[in-house]
Amino acid sequence: MLYAAFYEAKGMYSGCFNSLATWVTRGKYCHSEFVFKWTPDELREVGEKLCGFVHLRRPVDHVVYVSIYVLWGGMVDYRFLTEDAAQEFFGVPKHMLPIDVSFEQELQIARWLFTQYGCPYDKLGATLCVIPWRKAQKQYTRYFCSQLMACALNNVDITRIHNPAAMSPNRLYRYLQALRDPGV
């Protein structure tokens, strides 16, 4: 199962920039990322099909949550999550929208995201994403969180977001919410 996770400007995401970003983009979210929820069998298949990216030291016998993300000052990366709500960074996020895709589409998204692994964070792009100053592209050399997600969804033909470089977390949330509830 694939989710789009959204974070408010609280806890580790509190701060002037994130608070300002939520205000400027007219919403409550300052960060977004993908969360994959895989059964042990699905995780094994991911390991087989994404050879080189997923190496398990021992067999897994429970559902696994994997986040693929990019944070301010970092680079595209991934982390395993726990259902322990006390773990802020490593816990399963509270605000997640399910994305209606098949398991094969999830694999395509994960494969594309791993081709972007290590790409640096786009500070200027994140700062100016509300001004459509960058040309629309299928992929970039640097990303901010919601731009990475928009590119991934576009590259596997799930969405047709015109300009991923202009996609703030709040705009992405509204876009994905409208896909789920077209009448809203």
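# Group meeting talk: a walk through a predicted fold

Read from start to end, this protein runs β-α-β-α-β-β-β-α-α-α-α. Hi everyone, and before anything else, please keep in mind that what you see is a predicted model. The secondary structure comes to 6 helices and 5 strands, and I'd like to take you through the overall form, then one helix, then a handful of residues.

Let's begin with the whole chain. There are 184 residues, and a compact globule of that length would have a radius of gyration near 16 Å; the protein has 16 Å, so the two agree. If you prefer a box, the C-alpha trace spans about 45 × 35 × 35 Å along its principal axes. Of the 184 residues, 47% count as buried. The accessible surface comes to about 9,900 Å², and carbon and sulfur atoms hold 55% of that.

For those of you who think in contact maps, take the contacts between residues at least 6 apart in sequence: 63% of these join residues at least 24 apart. And for the electrostatics people, there are 20 positive and 17 negative side chains, with the centres of the two sets 9 Å apart.

Now to helix α2, residues 40-49. Which residues of α2 are buried? They are Leu 43, Val 46 and Gly 47. These cover an arc of only 100° around the axis, which puts them on the same side of α2. A general reminder fits here: an α-helix has 3.6 residues a turn, so residues three or four places apart point the same way. On the face of α2 turned away from the buried side, you'll find the exposed residues Asp 41 and Glu 48.

What covers the buried residues of α2? The cover includes strand β2 (29-38), strand β3 (64-69) and helix α3 (103-115).

While we are in this helix, have a look at Pro 40, which is also found in α2. Not counting residues up to four places away in sequence, Pro 40 touches Val 60, Asp 61, His 62 and Val 63. For one of those partners, Val 60, the sequence separation from Pro 40 is 20 residues, while their C-alpha atoms are separated by 5.7 Å.

Next stop, strand β3, where Val 66 has its place. Val 66 has a relative accessible area of 4%, so it is buried. Leaving out residues up to four places away, Val 66 touches Phe 34, Val 35, Phe 36, Trp 38, Tyr 78, Arg 79 and Phe 80. For a sense of scale, Val 66 and Gln 147 are 81 residues apart in sequence and 19 Å apart in space, C-alpha to C-alpha.

Phe 80 is one of the residues touched by Val 66, so let's move there. Phe 80 lies in strand β4, residues 77-81. Is Phe 80 buried or partly exposed? Its relative accessible area is 40%, so Phe 80 is partly exposed. Beyond four places in sequence, Phe 80 touches Val 64, Tyr 65, Val 66 and Phe 90. From Phe 80 to Tyr 13 the C-alpha distance is 19 Å, with their positions 67 residues apart in sequence.

Over to helix α6, the place of Tyr 173. Tyr 173 is partly exposed, with a relative accessible area of 25%. Leaving aside neighbours within four places, Tyr 173 is in contact with Phe 6, Tyr 29 and Leu 97. Tyr 173 and Gln 147 are 26 residues apart in sequence, and their C-alpha atoms are 12 Å apart.

Last, something for the backbone enthusiasts. In general, most residues other than glycine have a negative phi. Which residues have a positive phi here, without being glycine? Two to look at are Arg 26, with a phi of about 55°, and Asp 157, with a phi near 60°.

Arg 26 sits in the loop between α1 (16-24) and β2. Its relative accessible area is 67%, so Arg 26 is exposed. Asp 157 lies in the loop between α5 (145-155) and α6 (169-180). At 58% relative accessibility, Asp 157 counts as exposed.

That's my tour. If you open the model afterwards, you could start at α2 with its buried Leu 43, Val 46 and Gly 47, then go on to β3, which is part of what covers them. Thanks for listening!

Note on methods. Residues are numbered from 1 along each chain as its sequence is written. This is a predicted model: local features need pLDDT of at least 70, side-chain atom pairs count only at pLDDT 80 or more; totals for chains, interfaces and linings use all residues. Side-chain values use heavy atoms; hydrogens and water are left out. Helices (H or I, at least four residues) and strands (E, at least two) are DSSP runs, numbered from the N terminus. The radius of gyration is taken over C-alpha atoms; the globule rule is 2.2 Å times the number of residues to the power 0.38. Buried means under 20% relative accessible area, exposed over 50%, partly exposed in between (1.4 Å probe, protein chains only). Contact means heavy atoms within 4.5 Å. Accessible areas come from the Shrake-Rupley method with a 1.4 Å probe; for residues, only the protein chains shown count as cover. Lys and Arg count as positive and Asp and Glu as negative; His and the chain ends are not counted. The place of a charge is taken as NZ of Lys, CZ of Arg, CG of Asp or CD of Glu. The arc is that of the directions from the helix axis to the C-beta atoms.
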